[in-house]
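Me: Got a model I'd like to walk through with you. Can we start with one residue and work outward?

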Amino acid sequence: MKINGKVVKLSGPEPLVDVLIRAGYDASGVALEMNGALVKRADMANTVVDDEDVLEVFSFTGGG
């Protein structure tokens with residue numbers, strides 16, 4: 001699978017939230033697109049990803 005263009009190896013289907021945490025993301029603070037479709041934060045805990053999936057993760061930062 002790919003996360004923001006980086007290849008990530010999975011040992012099989014895994015929960016999306018676990019993959020995000022292992023990649024260093026806080027699932028509660030990101031927006032996510034999976035295979036071109038937006039994944040709602042409420043659906044992340046029930047979403048499973050596999051080797052063919054492509055994720056684009058967007059983190060928001062504040063500033064001033």
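Me: Which residues does E14 touch, leaving out those up to four places away in sequence?
Reply: This is a predicted model. In it, E14 touches V19, R22, T47, V48 and V49.

Me: Where does E14 sit?
Reply: E14 is in strand β3, residues 14–15.

Me: Is E14 buried or exposed?
Reply: E14 is buried, because its relative accessible area is 12% and the cut-off for buried is under 20%.

Me: New topic, the core. How many residues are in the largest nonpolar one?
Reply: That core has 15 residues. Those with the most contacts inside it are M1, L16, L20, L32, M44, V49 and L55.

Me: Which elements give two or more residues to this core?
Reply: α1 (16–22), β4 (30–34) and β7 (54–59) do.

Me: And M1, what is it in contact with beyond four places in sequence?
Reply: M1 contacts K6, V7, V8, L10, V19, V49, D50, D51, D53 and L55.

Me: Back to β4. Which residues are on its covered face?
Reply: V30, L32 and M34. A31 and E33 make up the uncovered face. In a regular strand, side chains alternate between the two faces of the sheet.

Me: How does β4 pair with β7?
Reply: Antiparallel, over 5 bridges. V30 stands opposite S59 in β7.

Me: What about β4 and β5?
Reply: They also run antiparallel, joined by 3 bridges. E33 has L38 as its bridge partner in β5.

Me: How many residues lie between β4 and β5 in the hairpin?
Reply: There are 2. N35, in the turn, has a positive phi of about 50°.

Technical notes:
Residues are numbered from 1 along each chain as its sequence is written. This is a predicted model: local features need pLDDT of at least 70, side-chain atom pairs count only at pLDDT 80 or more; totals for chains, interfaces and linings use all residues. Side-chain values use heavy atoms; hydrogens and water are left out. Helices (H or I, at least four residues) and strands (E, at least two) are DSSP runs, numbered from the N terminus. Buried means under 20% relative accessible area, exposed over 50%, partly exposed in between (1.4 Å probe, protein chains only). Contact means heavy atoms within 4.5 Å. A nonpolar core is a set of buried Ala, Val, Leu, Ile, Met, Phe, Trp, Tyr and Cys residues joined through side-chain atoms within 4.5 Å. Two strands pair if DSSP finds at least two bridges between them.
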